[in-house]
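Trainee: Could you take one part of this model and go through it closely with me? I would like to see how that part sits among its neighbours.

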Amino acid sequence: MTFVLGGAASGKSAFAENAIINSGLIPVYLATARIWDAEIKDRVQVHRDRRDAAWINFEATHDLAHVLCERDASEAVLIDCATMWLTNHVMDGNDLAQAQAALMQALDDCAAPVVIVSNELGQGIVPADADTRAFREAQGRLNIALAARADTAIQVVAGLPNVLKGSL
């Protein structure tokens, strides 16, 4: 598993997409975003426009395990992104510990290599409200768990990859 971490608009998704394409395997995209508003719709369209017809695409806003368990070693899976996946669970009032445990198990059980993208939220200012602080903490815990499981962890800053763990 490869974990790709970065700030908003850092180039992390493009980096992850290139890693999948360069694997030589069948590219599979697990989209986690729900369209909440026009801005999200536009961002999703930018991501869609970068992918060609070779990609197998799935909408997986909550249950990544269902799709991951069906993958095989001829494929390479991109999950974009863990932050939107977490947002969906928070917005729906789901048990985050249970959802995270299910995700970790699915990643362990997946036969295909997986690249998972996530946002780094802990380097900015402390949020003013309790709900946003709680989300930032949950995202930090998820990122720690994903990085611990990953063979390779990459931080993307200004489109440039910095290896945190493993190698490119």
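Mentor: Happy to! Let's begin with a term for strands: two of them pair if DSSP finds at least two bridges between them. The elements themselves are DSSP runs, numbered from the N terminus: helices are H or I runs of at least four residues, and strands are E runs of at least two. Before we look closer, note that this is a predicted model, in which local features need pLDDT of at least 70, side-chain atom pairs count only at pLDDT 80 or more, and totals for chains, interfaces and linings use all residues. Residues are numbered from 1 along each chain as its sequence is written, and side-chain values use heavy atoms, leaving out hydrogens and water.

Our starting point is strand β1, residues 2-6. It runs parallel to β5, and five bridges join the two; in this pairing Val 4 stands opposite Val 117. β1 also pairs in the parallel sense with strand β6 (residues 152-157), again over five bridges, and there Phe 3 stands opposite Ala 153.

Is β1 buried or exposed? Here buried means under 20% relative accessible area, exposed means over 50%, and partly exposed is in between, using a 1.4 Å probe and protein chains only. Five of the five residues of β1 are buried, so the strand is largely enclosed by the rest of the structure. In a regular strand, side chains alternate between the two faces of the sheet. In β1, Thr 2, Val 4 and Gly 6 are buried on one side, while Phe 3 and Leu 5 are buried on the other.

From the strand, let's move to helix α2, residues 38-50. The expected span of a helix is 1.5 Å times one less than its number of residues. With 13 residues, α2 should span 18 Å, and its end C-alpha atoms are 19 Å apart, which agrees. At the start of α2, a side-chain oxygen of Asp 37 comes within 3.2 Å of the backbone nitrogen of Glu 39.

Which residues of α2 are buried? They are Ile 40, Val 44 and His 47. Seen down the helix axis, the buried residues fall within an arc of 55° (taken from the directions from the axis to the C-beta atoms), so they line one face of α2. A general rule helps here: an α-helix has 3.6 residues a turn, so residues three or four places apart point the same way. On the other side of α2, Ala 38, Glu 39, Lys 41, Asp 42 and Asp 49 are exposed. The buried residues of α2 pack against α1 (12-22), β2 (26-31), β4 (75-80) and α4 (82-91); contact means heavy atoms within 4.5 Å.

That brings us to α4, which is mostly covered: eight of its 10 residues are buried. Among them are Met 84, Trp 85 and Leu 86. What covers the buried residues of α4 includes α2, α3 (64-68), α5 (96-109), β5 (114-119) and α6 (130-149). After α4 comes Gly 93, with a positive phi near 70°.

Salt bridges give us another set of links. Such a bridge is a side-chain nitrogen of Lys or Arg within 4 Å of a carboxyl oxygen of Asp or Glu, and the count comes to six. One of them joins the side chains of Arg 34 and Asp 92, at 3.1 Å from N to O. Arg 34 lies in the loop between β2 and α2 and Asp 92 in the loop between α4 and α5, so the pair ties together parts that are 58 residues apart in sequence. Arg 34 is partly exposed, at 22% relative accessible area, and Asp 92 is partly exposed too, at 37%.

Another salt bridge holds Arg 48 and Glu 59, at 3.6 Å from N to O. Arg 48 belongs to helix α2 and Glu 59 to strand β3 (residues 56-59), 11 residues apart. Arg 48 counts as partly exposed at 38%, whereas Glu 59 is exposed at 54%.

A further pair is Arg 71 and Glu 75, whose side chains meet at 2.9 Å, N to O. Here Arg 71 is buried, with a relative accessible area of 11%, and Glu 75 is buried at 7%.

Technical notes:
Polar contact = N/O pair within 3.5 Å; in protein donor to acceptor, adjacent residues only side chain to side chain.
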